[in-house]
Amino acid sequence: MKLNLGVAFCSFCLVGHTSRDIGIPKTCSLVKEFSTYFLLSKSPSHSFHKRQSYSCNPQRSFGIRRYVDNISTSRGFSWRMNTQQDHSHSYDYDLIVVGAGSGGVRAARIAGTHGAKVAVIEKAALGGTCVNVGCIPKKLFVYSSHFSHDFEDSKAYGWDVEVKNFQWKRLVENKDKEIHRLNGVYEKLLTNAGVNIIRGHAYLCDAHTVQVNERRYTCQYLLIAAGSWPTIPDIPGKEHAITSNECFYLEKLPEKIIIVGGGYIAVEFAGIFHSLGVSVTQLYRGPLFLRGFDEDVREFLAHQMKLDGIDLRFQVNITRIDKQSDGTLVCTLTDGNVVRGDKVMFATGRHPRLEDLGIENTGVHLGNKNEILVDEYSKTNIDNIYAIGDITNRIQLTPVAIAEGHCFADTIFGNNPRRPSHENVPTAVFSNPCIGTVGLTEEEAREKYDDLIDIYKTSFRPLKHTLTLREEKTFYKLIVHRETRKVIGAHLVSPEAAELAQLLGVCMKAGATKEHFDATIGVHPTSAEELVTMRVKEPEKSTKNRNAL
């Protein structure tokens, strides 16, 4: 009886509506598959993953449901097919994504191409931190900052370049144009995948309900991809400070800036502002910045930055900020000294963006840093709620969030269970010079393999600066597991380090050994050829001896 009713209904809706558009054979095929899907969707024990074992194609089924929804709307029917795990509810969407950053957009787009009915909620510009106040505008500023050295170096190569001045306003305006273009690209990617973009602030009412602008939307699956936000320490005068967010929109370039922090954001902006002609003082509370990176790399970059003229101070912090009548900011330091500047920028970490999200209404568990706790498939302790990106506090990198989002969509909607790999993730710090790194640091490798490692490293003046006589040097380091001979760590400091790290990541994912590197012919003359010509190991030293140095 159910089958007859299902076929009759399908025939009535589909034949009348589709015979003109897609032809009778296609219509018959849809009727057959739809009727199968109709029965499966009414089964009390039926779930999405169980559906996949039947002959009815789940990706096709999502498409059929969307098509029938359109028919229902056009013909005035209020009936909707219920394809959810909990059949006591009829959800508005198969998936709602909170946050349209790179990870959220990727997840929504891929889920949409798999046939799911998807909505993404975002109150700000599409693209999240990376596109608007992160990776992209930061890299554009880095490009701009490099020209100061390039103009100077060109003299050694016979060029007489007259540089009149630097137009900060022009850089910001051109940056804004590019970001606006990318916002449009993201919108097009979503709409082309059939994703509904809902503008406004998302508030989670429960595990299946999200409120936006006084309206509530329900979903079977909820993906939280709200990202992170800069943290400013609670000190007197903190209201006078800015973060990297505001640096992208400064009305004018400051003459002197004080940057507080030792992570990649602080290091990158110190190089950007210094190369654009700003007097930079960078403060870090620890003995050496870039905690978590290889110690040799940290020491080498600190030396290079000091040679370049950056006032780099360790084991010191700001206790208060006082604004003077002329607008100058006076910073009192923990060592008793005072520094003055036009701007004070804090790059002292980021926190998961949970404010006013309503996460407490969902039952989702949080960690010690208020990060959302997830398993290897990005699932929380609540079966239908997942989280990706910075809000999970795993690896705070855009490509990682994108990979997590793609894996989520393939797992839930694509019948292809996948989990993102957080091992051997290449990354870069766009300092001056740049850092590129992948794999274990020497400290991590010694702890993991009990000193059964070989170290190869070199530092040299690149060919370019044999004419400029600039003191900038290049540093390369390979860490090799002594028994397997696999390269388990690669760390570079050079202008091309980021590009090299990408390909080194491929090599290490493939399990390349030191012998593979040695057997590779170098490209001459390049700095990178040193990666395949390093033959002399560093003298052995145990962790105990190293820590005693």
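I count a polar contact as a pair of N or O atoms within 3.5 Å; within protein, one must be able to donate a hydrogen and the other to accept it, and residues adjacent in sequence count only if both atoms are side-chain atoms. The model is predicted: local features need pLDDT of at least 70, side-chain atom pairs need pLDDT 80 or more, and totals for chains, interfaces and linings use all residues. Residues are numbered from 1 along each chain as its sequence is written, and side-chain values use heavy atoms, without hydrogens and water.

**Helix 11**

I looked up the start of helix 11 (helices are DSSP runs of H or I, at least four residues, and strands are runs of E, at least two, numbered from the N terminus). There, a side-chain oxygen of Asp294 comes to within 3.0 Å of the backbone nitrogen of Asp296. After the helix I found Gly309, with a positive phi near 110°. Buried residues (under 20% relative accessible area, 1.4 Å probe, protein chains only; exposed is over 50%, partly exposed in between) include Asp296, Arg298, Phe300 and Leu301.

**Core**

I next checked the largest nonpolar core (buried Ala, Val, Leu, Ile, Met, Phe, Trp, Tyr and Cys joined through side-chain atoms within 4.5 Å). It has 40 residues, and Ile259, Phe269, Phe273, Phe289 and Met345 have the most contacts inside it. Helix 7, helix 8, strand 8, helix 10, strand 9 and helix 11 each supply at least two residues of this core. Helix 10 gives the most, with seven residues.

**Helix 7**

I then turned to Phe151, found in helix 7 (residues 135-154). Phe151 is partly exposed, at 33% relative accessible area.
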